[in-house]
Amino acid sequence: QYEIWRSENGVMYTLIRNNYKGISFTDTGLNPGQTYNYKIIAVNPDPDPYTARSNEFITSITAEYPDAGPPESVTVTPGVEELTLSWDPARDTFSYNIYYNGILLGSTSGTSYTHTGLTPGVSYSYTIVSVNGDNNEGASITATGIPQYPAAGIPANLSISEGVGELTLSWAAATNAIGYNLYRDGLLLTNITNTTYTDTGLTPG
């Protein structure tokens, strides 16, 4: 039979099991991340104190953390050329790894992450993975978002050339513009991508 002693500092030991007859022992209710030291002493019924107890076997073990739970309720907030991911905290989680296309973007101990420098109008898919105190990845959740375009600038240097029954409009390109809506008398005429437009079939005068 055996005596099993435990210590948290390697100096002061407490007897946690006496007259133990097994050859393995599970210690429960420990603090994750805490290192515990154990002494195991074999004891026989011999009354002679010099032969009744064996030499001590000493070992140390660090208690593992439980598996991290899944992040939940993820939302994606689009911004100009960026996306912000937000989620609810996961149980037993110390940090989160954020992946895009299987590549680790970064890690955070918080519950939000902003990915910048993106191409507007393109769909981006992410995986958020919880990480426990032993730095082991656990459960995950996915999310998808599309970043916004920056605001278009104002067309400048508008000029109008008159023709017979027509007018040609020309202007300088506006920053961040991918097209132009043209209105006549408050009604949309067309959408174009170049910087000139000829309106035909007009009534002279």
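Which residue's side chain meets that of Arg91 in a salt bridge? In this predicted model, the partner is Asp92, with N and O 3.4 Å apart. Arg91 counts as exposed, at 53% relative accessibility, while Asp92 is partly exposed at 37%. This pair makes a convenient way into the structure, and the other charged pairs can be taken up from here.

The count of salt bridges comes to three. Another of them joins the side chains of Asp27 and Arg6, at 2.7 Å from N to O. This contact links distant parts of the chain, since Asp27 belongs to the loop between β2 and β3 and Arg6 to strand β1, 21 residues apart. Arg6 is partly exposed, with a relative accessible area of 24%. A further salt bridge is formed by Asp199 and Arg184, whose closest N and O atoms are 2.9 Å apart. Asp199 sits in strand β16 (residues 196-199) and Arg184 in strand β14 (residues 180-184), so this pair ties together parts that are 15 residues apart in sequence. The two partners can also be set side by side by their exposure. Asp199 counts as buried, because its relative accessibility of 9% is under the 20% limit. Arg184, at 36%, is partly exposed.

Arg6 leads on to the first sheet to be described. Strand β1 (residues 2-7) pairs with β3 in the antiparallel sense, over six bridges. Within this pairing, Arg6 has Tyr38 of β3 as its bridge partner. Arg6 thus takes part both in a strand pairing and in the salt bridge with Asp27. The two strands belong to an open sheet of four, in which the order is β2-β1-β3-β4 and the pairing is antiparallel. At the edges stand β2 and β4 (57-62); each has a single partner strand, so one side of each is left without a neighbour in the sheet. From one strand to the next, the twist averages 20 degrees.

The loop between β2 (14-20) and β3 (35-42) also holds Ile23. Is this residue buried or exposed? With a relative accessible area of 84%, Ile23 is exposed, because this value is over the 50% limit. In soluble globular proteins, nonpolar side chains tend to be buried together. Ile23, however, is part of a nonpolar patch on the surface, alongside Tyr2, Ile40 and Phe57. Together these four residues have about 430 Å² of accessible area.

A second open sheet can now be followed. Its four strands are arranged in the order β8-β7-β10-β11, with antiparallel pairing. Here the edge strands are β8 (103-108) and β11 (137-145), each of which pairs on one side only. With direction ignored, neighbouring strands in this sheet are turned against each other by 25 degrees on average. Strands β10 and β11 run antiparallel and are joined by seven bridges. Along this pairing, Ser125 stands opposite Thr144 in β11, and Tyr126 has Ala143 of β11 as its bridge partner. The two strands form a hairpin with five residues between them. In the turn, Asn135 has a positive phi of about 65 degrees.

Tyr126 also brings the interior into view. What makes up the largest nonpolar core? Twelve residues do so: Leu83, Leu85, Trp87, Ala90, Tyr96, Ile98, Tyr113, Leu118, Tyr124, Tyr126, Ile128 and Ile141. The elements giving two or more residues to this core are β6 (82-88), β7 (95-100) and β10 (124-131). Apart from this core lies another, of six residues, including Trp171, Tyr180, Ile192 and Tyr197.

One last residue gives a sense of distance along the chain and in space. Thr77 is found in strand β5 (residues 72-79) and is partly exposed, with a relative accessible area of 44%. How many residues separate Thr77 and Gly179 in sequence? They are 102 residues apart in sequence, while in space the separation is 25 Å from C-alpha to C-alpha.

Definitions and conventions
Residues are numbered from 1 along each chain as its sequence is written. This is a predicted model: local features need pLDDT of at least 70, side-chain atom pairs count only at pLDDT 80 or more; totals for chains, interfaces and linings use all residues. Side-chain values use heavy atoms; hydrogens and water are left out. Patches are made of residues with over 30% relative accessible area and no salt bridge: like charges are joined within 9 Å, nonpolar side chains (Val, Leu, Ile, Met, Phe, Trp, Tyr) within 5 Å. Accessible areas come from the Shrake-Rupley method with a 1.4 Å probe; for residues, only the protein chains shown count as cover. Buried means under 20% relative accessible area, exposed over 50%, partly exposed in between (1.4 Å probe, protein chains only). A nonpolar core is a set of buried Ala, Val, Leu, Ile, Met, Phe, Trp, Tyr and Cys residues joined through side-chain atoms within 4.5 Å. Two strands pair if DSSP finds at least two bridges between them. Axes are lines fitted to C-alpha atoms, for helices over the stretch in contact, and angles run from 0 to 180 degrees between N-to-C directions.
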